[in-house]
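Colleague: I should like to learn how to read the aromatic contacts in a protein model. Please take me through them step by step.

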Amino acid sequence: MKKTEKKHRLDKNNYLGFQSVSFTGCVFDMNNLFINDMMFEIVQKYLLKEAEYCKIDLIVYLFMPDHFHLITCGNTPESDPLDFMKRFKQDTGYWFSQNKIGEKWQKDFYDHIIRSDEDIKNQVCYILNNPVRKGLVSDWKDYPYKGSTIYDLNHFIISQPEGCDYRIFN
């Protein structure tokens, strides 16, 4: 008898349009993939291409050595963040395969629909502080593998490890 996987996503319609969604994806076996500028720049190119194609704003994205975090927001009623994520993983996974780098993505990814601006602010702070919590840098601004398509992260202020100045969102 074939074992079926438990459905863990909401109905696709819950994600469509101007919805904000947080995604986390992992490298298979939690291998360290994002440890140099070249790999980040290649994957970032695909990320930005698919965001534009799928009409998705990237509030923040950050690539840790073995996983990534994104907060997306649709910028049209037709925006589809789930399609964006699937396309991004497929494109980069194909690139990994064709270039024989020996890595691939974990099969799935985690997602969370963000319900309020306050939740977005807290999650951006959490994501930007991830490299600090992991001991990779002492200041999140020093971590190179991050970005946003709509904000200048250099003007985003985090005054404490978990505290934020939310002027970026005003």
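The dialogue below turns from the overall layout to the aromatic rings.

Modeller: This is a predicted model, in which local features need pLDDT of at least 70 and side-chain atom pairs pLDDT 80 or more, while totals for chains, interfaces and linings use all residues. Numbering starts from 1 along each chain as its sequence is written, and side-chain values use heavy atoms, without hydrogens and water.

Colleague: How many helices and strands does the protein have?

Modeller: Helices (H or I, at least four residues) and strands (E, at least two) are DSSP runs, numbered from the N terminus. The protein has 3 helices and 7 strands, in the order β-α-β-β-α-β-α-β-β-β from the N terminus.

Colleague: How many aromatic pairs are there?

Modeller: Rings of Phe, Tyr and Trp (its six-membered ring) pair if their centres lie within 6.5 Å; planes under 30 degrees apart are stacked, over 60 edge-to-face, and the rest tilted. The count here is 15 aromatic pairs. One of them joins phenylalanine 68 and tryptophan 105 edge-to-face, at 5.1 Å between centres and 80° between planes. Phenylalanine 68 belongs to strand 3 (residues 67–74) and tryptophan 105 to strand 4 (residues 105–114), so the pair ties together parts 37 residues apart in sequence.

Colleague: Are these two rings buried or exposed?

Modeller: Buried means under 20% relative accessible area, exposed over 50%, and partly exposed in between (1.4 Å probe, protein chains only). Phenylalanine 68 is buried at 0%, and tryptophan 105 is buried at 8%.

Colleague: Which residues form one aromatic cluster?

Modeller: Phe68 and Trp105 are among them, as are Phe34, Tyr61, Trp95 and Tyr145.
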